[in-house]
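Biologist: Could you take me through the inside of this protein? I'd like a close look at its nonpolar core, and then a sense of how that part sits in the whole.

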Amino acid sequence: MVRRFRFGAVVREAGSGKAWAEKARRLEGAGFDVLLVPDHLVGPRFAPIAALTAAACATTRLRVGTLVFANDFRHPAVLAKEAATLDVLSDGRLEAGIGTGWMAGDYAGAGLALEAPGVRVGRLREAIAVLKGLWGEGPFSFRGEHYRIEGLDQRPKPVQRPRPPLVIGGGGARMLRLAAEEADVVNLGMRVKSDGSGPDPADGGLAAFLAKIAAVRAAAGERYARLELGTSVVQVGERKAEEAWSAADSSALDETPQVLLGTRRDIADKLRHWRDEHDISYFVVHHERDLAAFTPVVEELATSR
């Protein structure tokens, strides 16, 4: 099976509603498939629901999504309602990305407890069950360690049936296993330090990236053929002086599809290799600074869809 290329871009903010809409329309016109926003309480970033609704209203084809909702910031029953409403208002263009929440600054600034990774992953697993249940037909009940739902029948239901695509990103073993078992789209990234200080530099490089693909394949079993595998591209074009992503030096990622150096043809060939040999077909530009360099690649690969 030849997997279809898809391309997304993370967009964080704009100076006005008009400027935000123009950014969304430029992505759509350039052939990108998805506009994505992150979910953090600190830093210059729009809040996801409002930003995605505005982007959807400004476009007709472009899908909208999160990379990713932080589960610890909102109860899954609230998120299920908001996401379903956004799916309706976007005419079925939502891609619901969700993770545990991880950045220490978010938790410290808001006075939230950053609990151990195992606790957060367990809570996320329950939240996913709640989301799927509430997006289904009829009343839904759930009793877990972290959440309890009693015969809740939320409306509207999402336009996309049985539900919007679920995107789970991660690099650690627990998150990769959860994504393989529950997601529709798996975004492969670097493992995050347990203290929330940033990506773990020891997790970079080709061997680590290939091991993550193997881990997803093993955990997914028969589901693997239906999964879409993707990753965030943190460097495009020429090497920049600054580090590409948080504390992670991008040079450690040069052999992976997360760093794309060289000419347009070089980059296109590298992406074809990763799709054809390793099933990675969804590429998300993580920094707006790289959009100008990456857009010609999207055009180059349009016929490969």
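Modeller: Happy to; here is the core, followed by the chain around it. Please keep in mind that this is a predicted model.

The largest nonpolar core has 72 residues. If you want places to start looking, F32, L35, L271 and F294 are the residues with the most contacts inside this core. Among the contributors, helix 5, which covers residues 117-135, gives the most, with 8 residues.

L35 is a good one to centre your view on. Setting aside neighbours within four places in sequence, L35 is in contact with A9, V11, W20, A24 and L27. The list for L35 goes on with L52 and A55, and then with the run L62, R63, V64 and G65. Apart from the largest core lies another one, of 9 residues, which include V34, L36, L67 and V167.

Now let's step back to the whole chain. The protein chain has 9 helices and 13 strands. Its radius of gyration is 18 Å, close to the 19 Å that the globule rule gives for 305 residues, so the chain is as compact as a globular protein of that length. Along the principal axes, the C-alpha atoms fill a box of roughly 55 × 45 × 40 Å.

Buried residues make up 55% of the 305 in the chain. As for contacts with a separation of 6 or more, 70% of them join residues 24 or more positions apart.

On the outside, the chain exposes about 12,600 Å², and carbon and sulfur atoms supply 54% of that area. There are 41 positive and 40 negative side chains, with the centres of the two sets 3 Å apart.

Definitions and conventions: Residues are numbered from 1 along each chain as its sequence is written. This is a predicted model: local features need pLDDT of at least 70, side-chain atom pairs count only at pLDDT 80 or more; totals for chains, interfaces and linings use all residues. Side-chain values use heavy atoms; hydrogens and water are left out. A nonpolar core is a set of buried Ala, Val, Leu, Ile, Met, Phe, Trp, Tyr and Cys residues joined through side-chain atoms within 4.5 Å. Buried means under 20% relative accessible area, exposed over 50%, partly exposed in between (1.4 Å probe, protein chains only). Helices (H or I, at least four residues) and strands (E, at least two) are DSSP runs, numbered from the N terminus. Contact means heavy atoms within 4.5 Å. The radius of gyration is taken over C-alpha atoms; the globule rule is 2.2 Å times the number of residues to the power 0.38. Accessible areas come from the Shrake-Rupley method with a 1.4 Å probe; for residues, only the protein chains shown count as cover. Lys and Arg count as positive and Asp and Glu as negative; His and the chain ends are not counted. The place of a charge is taken as NZ of Lys, CZ of Arg, CG of Asp or CD of Glu.
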